[in-house]
Amino acid sequence: MMSNKQPQADWRVKVGFAIFVASIGWPVLIPVLPLLGVSPTATATFSGVMLVAAEFLLLAGAAIAGKEGFAFIKATVFGSLKSYGPPSEVSRRRYTVGLVLFVTPLVFAWASPYFGHHLPGFEQGQLAYAIVGDGLLLISLFVLGGGFWEKLRSLFQYSAHVVLPDKPAEAGTLK
């Protein structure tokens, strides 16, 4: 007889979760290897081995945790991330701020090859400018909300169609 009780985080779930985190955490080591003086060939080899090892670790973590434990881990991780997701509807002011944050790095990326030499420190700090631009772009997606995500997703769907709302009637005029 099955119970609807939430699975407990016993030792199997904890070990499975630790292995799951390790399988995802492997790629963090790749950028560190050249800083430690590891040759490019060894770094490439290690990256390939890590890719295969990560898959095996993921499967091992799921096997150790079991079906109920894996469901518990999935519910815990994705349940906590869900609360940080963008809201489906946002205010007009928030949408406007989000659009400015979204468009600014795109315009800057387009214009920087032409006008970058006029910016202080651009020649020496192009990476810093790129990181700030990427950060603004990511932040803008959360500021814009879930409705914008749907609009963005529809750009990549051939069968998507635009449905514009009717222009609202001005106060005091008949429609």
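These legends go with four views of a predicted model.

**View 1. The whole chain is built with helices and no strands.** The protein chain has 6 helices and 0 strands. Read along the sequence, the pattern is α-α-α-α-α-α. The chain holds 175 residues, and buried residues make up 17% of them.

**View 2. A nonpolar patch lies on the surface.** Five side chains are named here: Val103, Val107, Trp110, Tyr114 and Phe115. Together they make a nonpolar surface patch of about 570 Å². Look for tryptophan 110 in helix α4, which covers residues 92-115. Tryptophan 110 has a relative accessible area of 57%. That counts as exposed, because the cut-off for exposed is over 50%.

**View 3. Arginine 153 and glutamate 150 form a salt bridge.** Their side chains meet at 3.4 Å, N to O. That falls within the 4 Å limit, so the pair counts as a salt bridge. The count for the model comes to 1 salt bridge. Both residues sit in helix α6 (residues 146-154). They are 3 residues apart, so about one helical turn separates them. Arginine 153 is partly exposed, at 47% relative accessible area. Glutamate 150 is also partly exposed, at 44%.

**View 4. The second largest pocket has a mostly nonpolar lining.** The space in this pocket is about 220 Å³. Its lining is made by Lys151, Ser154, Ala160, His161, Val162, Val163, Leu164 and Pro165. By type, the lining residues divide into 5 nonpolar, 2 polar and 1 charged. How is such space found? Rolling a probe the size of a water molecule over the atoms shows where empty space is left.

Methods:
Residues are numbered from 1 along each chain as its sequence is written. This is a predicted model: local features need pLDDT of at least 70, side-chain atom pairs count only at pLDDT 80 or more; totals for chains, interfaces and linings use all residues. Side-chain values use heavy atoms; hydrogens and water are left out. Patches are made of residues with over 30% relative accessible area and no salt bridge: like charges are joined within 9 Å, nonpolar side chains (Val, Leu, Ile, Met, Phe, Trp, Tyr) within 5 Å. Accessible areas come from the Shrake-Rupley method with a 1.4 Å probe; for residues, only the protein chains shown count as cover. Helices (H or I, at least four residues) and strands (E, at least two) are DSSP runs, numbered from the N terminus. Buried means under 20% relative accessible area, exposed over 50%, partly exposed in between (1.4 Å probe, protein chains only). On a 1 Å grid over the protein atoms alone, a cavity is a set of points where a 1.4 Å probe fits but cannot get out, and a pocket is an open set with protein on both sides within 12 Å along at least five of seven lines; lining residues have an atom within 4 Å of a point. Grid points are joined across faces, edges and corners, and a volume is the space filled by probe spheres set on the points. Ala, Val, Leu, Ile, Met, Phe, Trp, Tyr, Cys and Pro count as nonpolar, Asp, Glu, Lys and Arg as charged, and the others, Gly among them, as polar.
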